[in-house]
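Q: Please take a close look at the charged side chains of this model. Which of them are paired, which are left without a partner, and where do they sit?

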Amino acid sequence: MSDTDGRETLGFQTEVRQLMQLMIHSLYSNKEIFLRELISNASDAADRLRFQALASPDLTKEDPELKIRISFNVDAGTITVADNGIGMSREELIGNLGTIARSGTAEFLQQMTGDQKKDAKLIGQFGVGFYSAFIVADRVEVVSLKAGQSADAGVRWESDGQGEFTVDSAKDIERGTTVTLHIKEDEKEFLDSFRLESLIRKYSDHIAFPVLLSNETDDDKEEKSVNAATALWTRGRKDVSADEYKEFYKHLAHDFTDPLIWSHNKVEGTREYTSLLFIPATAPFDLWNREAPKGLKLYVQRVFIMDDAEQFLPLYLRFVRGVVDSTDLPLNVSREMLQQDPDLDAMRGALTRRVIDMLSKMASSDAENYAKFWLEFGQTIKEGVVEDKQNADKLMKLLRFATTRADSDKQDQSLQDYVSRMADGQDKIYYIVAESYALATASPHLEQLRDKGLEVLLLHDRIDPWMVDSLTEFDGKNFQDVGKGQLSLPEGDGEMTQDAIDDEHKPLLKKIRKILKEKVENVQVSRRLVDSPACVVTADQDLAPQLRRMLEASGQSLPESKPVLEINIDHPLVQRLAAEADENRFSELSRIVLDHALLAEGAQLDNPAAYVRRMNKYLLDIESESQSP
Ligand code: ADP
Ligand code: MG
């Protein structure tokens with residue numbers, strides 16, 4: 001085994017190289033976060049060891065007091081962050097400090113633009129971790145001994161961050177990990193006790209382990225305790241400042257941006273626990289990735305148990321970050337046990353309501369922040385409306401929409417807003433679903449409603465067809481898809497039924513129907529159109545065309561369904577059609593009218609080339625007609 005016990009030089013994974021390059025360039029105004037990341041790792045390492053020591057008390061017997069020791073040496077130009085936590089084996093060092101395990105990283109890094117401001121924001125969402133050491137250091141040494149191994153089983157890792165690192169075995173090592181940064185020439189300002197102390201306090205006051213600072217060039221090398229060393233969530237709400245909550249969030253979430261809002265609660269009852277939940281201001285790059293880490297950090301009686309405990313919140317609330325500290329879960333609780341715990345449902349229900357209440361409060365009292373939230377996470381709330389029937393009423397109030405009221409795709413109108421503006425006699429909430437905002441707002445289906453001053457919700461997110469499908473009513477009002485079935489508007493055409501109107505134009509409708517019978521279910525006189533000659537409408541019981549197209553794109557085969565063609569009897573083009581004596585031209589124009597209705601609704605034509613040929617011919621015919629004497 002001499003080759004793996006001895007010195008080896010290895011290359012960083014490509015993603016790590018890219019990340020380090022980007023970080024060094026984009027984080028120059030946030031350099032000091034390297035300390036947060038290293039303290040955070042040391043605290044995690046102590047947490048993990050304390051957890052393992054529950055089952056194997058021997059692990060901490062000789063050195064039971066877990067702590068983080070930071071020192072600096074002006075002469076040597078170094079800052080050292082040492083912990084007596086879990087430590088790393090050789091394999092772990094190579095894996096943890098040479099690769100990034102998080103899936104989707106490569107794609108994420110490709111989004112980097114080279115624009116420092118934008119990239120800093122992106123990288124902030126990603127969380128930079130250990131590699132941030134290379135922002136201020138041109139050489140980093142890590143010496144580690146895994147808990148439970150003999151002092152000779154240590155490992156030394158070293159790199160200049162330029163693409164390679166070396167690992168070597170090390171003897172006479174104490175348990176835990178020591179990271180030594182050789183500070184770059186122009187970053188020497190960090191080698192200062194005031195600077196370090198204030199940074200460490202900022203980044204570690206909420207950490208449950210003592211953080212000690214010493215100056216190695218001082219004669220006495222006295223270690224000074226810098227933080228309060230109590231886990232933040234165990235303190236009373238009144239004893240924690242907003243800044244402390246924010247720093248704690250950044251530590252927890254590896255985020256650069258302050259959270260939008262948080263909620264800190266102690267629950268006493270059948271289950272006793274403390275929860276501290278945060279709503280981030282920016283979505284992580286992998287919010288839509290199924291394998292992305294999600295869930296809360298679980299502690300039992302202040303002992304860290306696991307990261308990413310998914311069992312405490314439903315999937316749609318995966319953007320919530322936070323801590324749950326339970327008094328009465330067993331210390332040896334595992335993911336499997338959590339899944340089977342009969343009391344967990346109640347806890348999950350309570351935490352879910354807590355998040356929804358927090359969002360409701362923000363929506364009503366802080367519209368500006370809520371708008372930010374909606375932009376980042378609105379689609380997950382839409383998922384919630386579909387999945388969480390129990391809280392659907394509250395979730396519906398959190399929805400925000402673009403509507404025909406404004407000329408903007410900004411989703412900023414609530415259902416309450418809409419209902420409060422409903423016209424006299426209006427008993428339905430009108431909406432339209434389309435593939436894009438442009439398609440929605442230009443849809444012929446809106447014409448009559450616009451004319452009558454009726455507001456319509458414009459839905460164009462991918463999830464919208466599913467979401468509206470699950471909406472039944474809001475505030476006693478039903479929802480009506482303006483592109484579907486019979487459209488009943490509050491006033492005006494109430495007297496005549498569809499049949500009566502169609503009856504008046506029977507011969508024309510019959511003639512068109514005969515030509516288009518392969519493609520449409522029926523042809524009717526429209527009561528929705530003002531400016532357009534025609535539109536296609538889906539039968540009430542049929543899938544909305546957007547949903548159908550999505551399902552078909554995902555490989556599902558669906559029973560065929562044909563739309564209804566509605567024609568605007570007052571439109572000059574339809575009047576021309578009605579007056580067309582030439583059979584052939586009547587047929588061509590009918591097909592063109594249908595194809596235009598399909599195009600306007602966002603559909604792909606079955607045969608675009610045939611359409612273009614037909615259209616060209618028709619245009620030329622008109623031209624030659626108008627030129628002929
Ligand atoms: P993250 O902390 O988000 O996982 P990092 O880049 O900060 O990402 O660290 C990568 C991994 O390296 C950690 O998950 C951990 O397994 C390991 N690690 C880093 N620092 C330490 C340490 N001081 N003690 C033990 N393990 C560590
Ligand atoms: Mg880390």
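A: **Charged side chains, paired and unpaired**

A search of the whole structure, which is a predicted model, finds 39 salt bridges. A few of these pairs are described below, followed by a charge without such a partner and by two surface patches.

The pair D44 and K297 may be taken to begin with. Their side chains meet in a salt bridge, with 3.4 Å from N to O. This contact links distant parts of the chain: D44 belongs to helix α3 (residues 33-55) and K297 to strand β12 (residues 296-300), and the two are 253 residues apart. D44 has a relative accessibility of 13% and therefore counts as buried, since the term applies to values under 20%. K297 is likewise buried, because its relative accessible area is 10%. The salt bridge thus joins a helix to a strand, with D44 buried on one side and K297 buried on the other.

A second pair is formed by E552 and R548, whose side chains meet in a salt bridge of 3.2 Å, N to O. Both residues lie in helix α20 (residues 545-553); because they are four residues apart there, about one helical turn separates them. The two ends of this bridge fall into separate classes of accessibility. R548 is buried, at 15% relative accessible area, whereas E552 is partly exposed, at 38%.

The side chains of E185 and K188 form a further salt bridge, with an N to O distance of 3.3 Å. E185 reaches 63% relative accessibility and so counts as exposed, the threshold being over 50%. K188, with a relative accessible area of 29%, is partly exposed.

Salt bridges also occur as a network, in which R139, E141, R156 and E158 are linked.

E447 presents another case. This glutamate lies in helix α16 (residues 447-451). E447 is buried yet has no salt bridge; R450, the nearest side chain of opposite charge, is 7.0 Å away. A salt bridge requires a distance within 4 Å, so a separation of this kind does not qualify. The side chain of E447 does, however, make a polar contact of 2.4 Å with the side chain of S532.

The loop that leads from α15 (437-441) to α16 contains P444. P444 is buried, as its relative accessible area is 5%. The C-alpha atoms of P444 and C535 are 6.3 Å apart in space, although their positions lie 91 residues apart in sequence. Two links across the sequence may therefore be noted in this region: the side-chain contact from E447 to S532, and the C-alpha proximity of P444 and C535 at 6.3 Å.

There remain the charges that gather on the surface. A patch of negative charge is made up of D218, D219, D220 and E222. Of its members, D219 may serve as an example: D219 lies in the loop between β8 (211-215) and β9 (224-225). Its relative accessibility is 79%, which means that D219 counts as exposed. A positive patch on the surface is formed by four lysines, K506, K510, K514 and K517. K506 lies in helix α19, which spans residues 506-516.

Methods. Residues are numbered from 1 along each chain as its sequence is written. Chains are lettered from A and ligands numbered from 1 in the order in which they are written. This is a predicted model: local features need pLDDT of at least 70, side-chain atom pairs count only at pLDDT 80 or more; totals for chains, interfaces and linings use all residues. Side-chain values use heavy atoms; hydrogens and water are left out. Patches are made of residues with over 30% relative accessible area and no salt bridge: like charges are joined within 9 Å, nonpolar side chains (Val, Leu, Ile, Met, Phe, Trp, Tyr) within 5 Å. Accessible areas come from the Shrake-Rupley method with a 1.4 Å probe; for residues, only the protein chains shown count as cover. Lys and Arg count as positive and Asp and Glu as negative; His and the chain ends are not counted. The place of a charge is taken as NZ of Lys, CZ of Arg, CG of Asp or CD of Glu. Buried means under 20% relative accessible area, exposed over 50%, partly exposed in between (1.4 Å probe, protein chains only). A polar contact is a pair of N or O atoms within 3.5 Å; within protein, one must be able to donate a hydrogen and the other to accept it, and residues adjacent in sequence count only if both atoms are side-chain atoms.
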